[in-house]
Amino acid sequence: MSITSDEVNFLVYRYLQESGFSHSAFTFGIESHISQSNINGTLVPPAALISLLQKGLQYVEAEISINEDGTVFDGRPIESLSLIDAVMPDVVHSRQQVIRDKLVQQQKAHISNPITAMNGEENGTHALNNHADMMDMDVDVEIPQNKAMVLRGHESEVFICAWNPVTDLLASGSGDSTARIWNLIENSSSGSTQLVLRHCIREGGQDVPSNKDVTSLDWNSDGTLLATGSYDGFARIWTKDGNLSSTLGQHKGPIFALKWNKKGNSILSAGVDKMTIIWDAHTGEAKQQFPFHSAPALDVDWQNNSTFASCSTDMCIHVCRLGSERPLKTFQGHTNEVNAIKWDPSGMLLASCSDDMTLKIWSMTHDSCVHNLQAHNKEIYTIKWSPTGAGSNNPNASILLASASFDSTVRLWDVERGVCVHTLTKHQEPVYSVAFSPDGKLLASGSFDRCVHVWDTLSGALVNSYRGTGGVFEVCWNSVGDKVGASASDGSVYVLDLRK
């Protein structure tokens, strides 16, 4: 089987996307002219690059292990091949010679002491037990199939999903250059129908599909409008009926984050062009541009209706206000790109997470971080505050911070004490998303191991589990707190009914 350079480029591009390096994927895609290839991305399964490399290594190792007479050596190479070793003829030849020598030694040993042929039993039993542990899934927590709805329609990865804050409409955004609104309102005359929000651009006087990923979406607080951000550089406002209301076009490149303010009169966006912009939601005009980052802006979050924070690959966090010409505050301390930021419900504390494997808590009254939380051993992809404590709908409950990491764990933090209270370890692959239920008593997590887990935030116990058919990019709760939505790399959207 041969593979073209275009196909290699596409596999690398997809690997970067799946690993969460969206800005690197964009840059690589531009430089390698991905958009000009005729590859159908919907036919390429998730993790295809890894699978291809693994298979290639397996084939080479298998070839090394076959003797000249066609028999298979019943042992293992002294050490596994690296990618470089696998394409070096001298290394492959020397490895074959080592195996042949080992085979001769084993044959001699077997003749002199036949009992040694049985000495692999202990190792075999251990491996079997390990496998059993990996496959172990408590039947009591599994969500039955009749409580899980799989929504199909997207033709590529579904990166994001968000419930309408008022009713059971679920929005999703995909690499197929569409967003969709799924009607999951019970007793609705339209059933679980989908509205397709096609992201088009003007070309030659006509609207044509942009063929760019929809990377972000957010409902306004009363659930009447949906904002979407795309790799085509445009933000768009849609009615809940799926009609395009406004197109916002000041960014010069992909938009990575998009947020409504609580009042619903402004939208905040961040992009690869290093810019953050506040838009007038009614007119679609840019109210103010904030050109303070020196590298792509990755996330934004409102502190109140006119003040927000932004973070970037430049390792800085800026707090800015509409009408102010300079940042109100700049927080520095991370040693790698800052992936996500979130204000707590009171608007007093700002949490940030980074590729430097730390979480930091900041206050407008301090120049340096209030807490530097270190426990994860790989990049931290995202964070969420619980909807509890001061400024929330659950003021009598203690506030928690959840962090999701590429180390396959989720951690729950008591921020007041600056300690990790629970480490949630059931996932087997990077965790891309966490979301608290509206009362803060449950936490949903989604991972590239295709699983959605639901945890009790007080005890850290696993309450529910669901294994889908694709890696999970995003999880979210409906407003009532009885359904979890999840978006997946195979184009699926899951709706999990948690009612007993």
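Let's start with one residue: Trp-279 stands opposite Ala-286, which belongs to strand E15. Keep in mind as you look that this is a predicted model.

Trp-279 and Ala-286 lead us to a pair of strands. Strand E14 covers residues 276–280, and four bridges join it to E15, with the two running antiparallel. In general, strands of a sheet pair through backbone hydrogen bonds, and they can do so in a parallel or an antiparallel way. Now widen your view: E14 and E15 belong to an open sheet of four strands, in the order E12-E13-E14-E15, with antiparallel pairing. Strand E12 (255–260) and strand E15 (286–290) stand at the edges; each has a single partner strand, so one side of each is left without a neighbour in the sheet. On average, neighbouring strands of this sheet are turned by 15° against each other, direction ignored.

How does the record divide up the chain? The unreviewed UniProt entry places the feature "repeat: WD" at residues 151–192, 214–238, 248–289, 331–372, 373–423 and 424–465. Take residues 214–238 as an example: this stretch is 64% strand and 0% helix, and its end C-alpha atoms are 14 Å apart.

Next, let's turn to the aromatic rings. Rings count as a pair if their centres lie within 6.5 Å, and by this rule there are 13 aromatic pairs. One of them is formed by Phe-331 and Trp-362: the ring centres are 4.9 Å apart and the planes lie at 25°, so the pair is stacked. This pair links distant parts of the chain, because Phe-331 sits in strand E19 (residues 329–332) and Trp-362 in strand E22 (residues 358–363), 31 residues apart. Are these two residues buried or exposed? Phe-331 has 1% relative accessibility, so it counts as buried, and Trp-362, also at 1%, counts as buried too.

Tyr-432 and Phe-448 form another aromatic pair, this one tilted, with 5.4 Å from centre to centre and 55° between the planes. It too links distant parts of the chain: Tyr-432 is in strand E28 (residues 431–436), while Phe-448 is in the loop between strand E29 (442–447) and strand E30 (451–456), 16 residues apart. Tyr-432 is at 4% relative accessibility and therefore counts as buried. Phe-448 has a relative accessible area of 16%; buried means under 20%, so Phe-448 is buried as well.

Which residues join Tyr-432 and Phe-448 in one aromatic cluster? Their partners there are Phe-159, Tyr-381, Phe-406 and Phe-473.

Note on methods. Residues are numbered from 1 along each chain as its sequence is written. This is a predicted model: local features need pLDDT of at least 70, side-chain atom pairs count only at pLDDT 80 or more; totals for chains, interfaces and linings use all residues. Side-chain values use heavy atoms; hydrogens and water are left out. UniProt positions are given in the numbering used here, feature names are shortened, and annotations may be inferred rather than shown by experiment. Rings of Phe, Tyr and Trp (its six-membered ring) pair if their centres lie within 6.5 Å; planes under 30 degrees apart count as stacked, over 60 as edge-to-face and the rest as tilted. Buried means under 20% relative accessible area, exposed over 50%, partly exposed in between (1.4 Å probe, protein chains only). Two strands pair if DSSP finds at least two bridges between them. Axes are lines fitted to C-alpha atoms, for helices over the stretch in contact, and angles run from 0 to 180 degrees between N-to-C directions.
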